[in-house]
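User: Please take a close look at one chain of this assembly and at how it meets its neighbours. Begin with the contacts and go on to the strands.

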There are 4 protein chains.
Amino acid sequence: MRGDPRRLQAAAYPARLDLPTRFGDMDANGHLNNVAIAQLFEEARVQFNTGSAQLLAGARPRIMVAHVGIDYVAEGHYPLPVALMMGISEIGNSSFRMAMAAFQADRCFALCDSVLVVRGPDGGRAALPQVLRERLEAHRLNG
Amino acid sequence: MRGDPRRLQAAAYPARLDLPTRFGDMDANGHLNNVAIAQLFEEARVQFNTGSAQLLAGARPRIMVAHVGIDYVAEGHYPLPVALMMGISEIGNSSFRMAMAAFQADRCFALCDSVLVVRGPDGGRAALPQVLRERLEAHRLNG
Amino acid sequence: MRGDPRRLQAAAYPARLDLPTRFGDMDANGHLNNVAIAQLFEEARVQFNTGSAQLLAGARPRIMVAHVGIDYVAEGHYPLPVALMMGISEIGNSSFRMAMAAFQADRCFALCDSVLVVRGPDGGRAALPQVLRERLEAHRLNG
Amino acid sequence: MRGDPRRLQAAAYPARLDLPTRFGDMDANGHLNNVAIAQLFEEARVQFNTGSAQLLAGARPRIMVAHVGIDYVAEGHYPLPVALMMGISEIGNSSFRMAMAAFQADRCFALCDSVLVVRGPDGGRAALPQVLRERLEAHRLNG
C-alpha cells in the first residue's frame, strides 16, 4: 500500500467518514493504538457496507471480511479527529477490495486494504448482486 | 465499598477467576485503564452468571445489569495477571447484589458492586427462581 | 441516581458532548455494551477535565478518578449518536462529584456519578485550586 | 497467508501463547470480533517482543509495527480460549516478519503477518542488533 504514493492522497478516495478519537484509543505509548486504528477502519467499513446492505433488501447476501491489512505509516494522536477516506480498488466475481486511508490534520497516518466476500444463504460464495456491483463501481478509487 | 475493610481482603470472597491482563488494557498513563478494569469485572460477572444460567435451562429468565459501581483504590499494572474475587452481598425478591474485588500480587486495586435484576419473558421484573436463590446463598460473602 | 427524576432530564446538565457510537461498542446482545457505555462516559469526563487542566498550568495537580457508578436504565443502540450531559453535583475540599447522563433520541439510557480527587506533587490529597473551584461552581447541575 | 497450507498447522510455529477470550471480545454477530482478534495477535506480538527487548538492555532500539495483515479464515468463539502460535518468517537488515495463527479447539480461525522495524535513537531505521537476530533465528517458522 505505502509503495503507491496515490494512496497517501485524500483526493484518491471518493468517500469519507469523520470520527472523533477517544482517550481510550491511546495505548501506553501515548498515541493511537494499532488495534484502535483497526477499529476506526472497521467503523468506516461497516458504515460503507451498511449503505450497500440497504440496497440488498430481500434476498440479502452476507458481506464477510476475509482479510484486513494495515500499513502504519506515522503516529496518530488524541484528541485530533480522524478523516477516514474510502474507495473500492478491485471488484471480482464474488468479492471486492476496499482501500482506506486515515488522516489527521491532512496527514495520512495509516492505510488499510480489506477483502470482502459475498456469501449466499447456504454460506457459500455468491456472485456480487448487480445493484451492489453498481454501487461499488460508483465508489472506485480515483485516478 | 472502600469504607468496609473486609472488602479489601481476598478471604471475604467465596469465588475467584484469574485472568491475564493485555497490553491493550493500559491507557496513556501506562497503567490499567479504568474502563479496562470495568471489562475485567464484566468478565467475572458474565462467567458467574453463566454458571447461574446453566441451572435455569427451560424457562430461563434474563439477568440484567442495572448498576455497576467501581472504587479505584490503587493503580493496576500490566503484565501482571488479575485475581477477580466474587461473592453475593444482598439477595432480594427480584434482584441481587454482587461484590467483587480485583487483586494483583495480593494487593486489592479495585472494588466493584453490581446490581443484577431478573426479568421474565415479558421483560418485567420476575422473582428469583429458587434454584438461582440457592446458588446465590451458596456464594454469600464470608464473614 | 435513577431515584432522582431530575437526573433523567437533559435540562439539568449545563454541559454537553455529542459522540458517535461505533459498531465495536455493541456486544453479543446487539446493543451498546455496558463497558462501552463506561467508555463513552470516560470520554466526556476526560474532555471536561482537560478543560479544567488547561486552567491549572504551572503547578498542575493531578485529577484522579476514585469512583465511577453507572445506572443502566435502558438499552443503548448503534448507530445512533449519544449526547453526554454533564454537571457538577458536589464540591468538597479536595474532591468533587460529576453527574452525567447519556441520551439517544432524547431518551436517557444511562446515568453516571464519578468522584474525582485532586492530588498534589507528593501524591497526597490536595485542596482544590481556586481556579478549578470556580470552574466547577460554574458547571453546577441546574435546579 | 491462507494460500500456504503449512500456515494452518500448529506444528509450523515454534512459540505459543494461550489466552482466555472475554465476553467483550464478541461483537453483535455473537462471535469474536475482527478487531478483538487483532488485539489477541497484538498481545502475542507484545509478549514476544518483550522477550526480545529484555535482551537489548542498554542501547535499546525501538521495535515498531509497520504492517499488520490478518486473514479471517473461520469464526472464533467465546468462551473458548485461544492458542496463539508464533514464528519468524523473514529476517531482513532492519526489519523482520512475524507469522502467527490463532487456534480454538485445534482449528485455525485466523492468520496474521506483522512487519516489525527496528529504529535507533534518532528515529531512523537501525540494523537488527546481533542478539536480536540470533533470537529471531531461533524462532524461525518450522518446515
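Analyst: The account below starts with the two interfaces of chain D, then turns to the sheet and to the build of a single chain.

This is a predicted model, in which local features need pLDDT of at least 70 and side-chain atom pairs count only at pLDDT 80 or more, while totals for chains, interfaces and linings use all residues. Residues are numbered from 1 along each chain as its sequence is written, and chains are lettered from A and ligands numbered from 1 in the order in which they are written.

The side of chain D that touches chain A comes first. Here 13 residues of chain D are in contact with 13 residues of chain A (contact means that C-beta atoms, placed from the backbone, lie within 7 Å). H1 and strand S2 (62-72) of chain D each supply at least two residues of this side; helices (H or I, at least four residues) and strands (E, at least two) are DSSP runs, numbered from the N terminus. S2(D) gives the most, with 8 residues. By class, the side of chain D that touches chain A divides into 7 nonpolar, 4 polar and 2 charged residues. In this division Ala, Val, Leu, Ile, Met, Phe, Trp, Tyr, Cys and Pro count as nonpolar, Asp, Glu, Lys and Arg as charged, and the others, Gly among them, as polar.

Chain D is superposed on chain A by a rotation of 180° with 0.0 Å of shift along its axis, at an RMSD of 0.0 Å. This is the relation of a two-fold axis. The superposition is by least squares on the C-alpha atoms of residues with pLDDT of at least 70 in both copies. Gly69(D) is the residue of chain D that comes closest to this rotation axis, with its C-alpha at 1.9 Å. Of the interface residues of chain D, 100% are also interface residues in chain A, so the copies meet through the same surface.

The side that touches chain B is the second interface. It involves 9 residues of chain D in contact with 9 residues of chain B. Helix H1 (residues 34-55) of chain D gives the most to it, with 4 residues. This side of chain D has 4 nonpolar, 2 polar and 3 charged residues. Chain D is superposed on chain B by a rotation of 180° with 0.0 Å of shift along its axis (RMSD 0.0 Å). For this rotation axis, the residue of chain D that comes closest is Pro20(D), at 4.0 Å for C-alpha. Again the same surface serves both copies, as 100% of the contact residues of chain D recur in chain B.

Back at the interface with chain A, strand S2 (residues 62-72) of chain A pairs with S2(D) in the antiparallel sense over 5 bridges (two strands pair if DSSP finds at least two bridges between them). One of the bridges joins Asp71(A) to His67(D). The pair of S2 strands lies within an open sheet of 10 strands, in the order S1(A)-S3(A)-S4(A)-S5(A)-S2(A)-S2(D)-S5(D)-S4(D)-S3(D)-S1(D), with antiparallel pairing. Its edge strands are strand S1 (15-19) of chain A and strand S1 (15-19) of chain D, each pairing on one side only. Neighbouring strands of the sheet are turned by 25° against each other on average, direction ignored; axes are lines fitted to C-alpha atoms, for helices over the stretch in contact, and angles run from 0 to 180 degrees between N-to-C directions.

Inside chain D, strand S4 (residues 95-104) and strand S5 (residues 107-119) pair in the antiparallel sense over 10 bridges. In that pairing, Met98(D) has Ser114(D) as its bridge partner.

Chain C offers further strand pairings. There, strand S1 (residues 15-19) and strand S3 (residues 82-91) are antiparallel over 5 bridges, with Leu17(C) opposite Leu84(C). S3(C) also pairs with strand S4 (residues 95-104) of chain C, antiparallel over 8 bridges, and Met85(C) has Ala101(C) as its partner. S3(C) and S4(C) form a hairpin with 3 residues between them.

Chain A serves for the build of a single chain. It has 2 helices and 5 strands, in the pattern β-α-β-β-β-β-α along the sequence. Its C-alpha trace spans about 45 × 30 × 20 Å along the principal axes. For 143 residues a compact globule would have a radius of gyration near 15 Å, and the 16 Å of chain A agrees; the radius is taken over C-alpha atoms, and the globule rule is 2.2 Å times the number of residues to the power 0.38. Buried residues make up 39% of the 143 residues in chain A (buried means that 20 or more other C-beta atoms, placed from the backbone, lie within 10 Å of the residue's own; exposed means 12 or fewer, and partly exposed is in between). Among contacts in chain A between residues at least 6 apart in sequence, 74% join residues at least 24 apart.

Notes. Contact = placed C-beta atoms within 7 Å.
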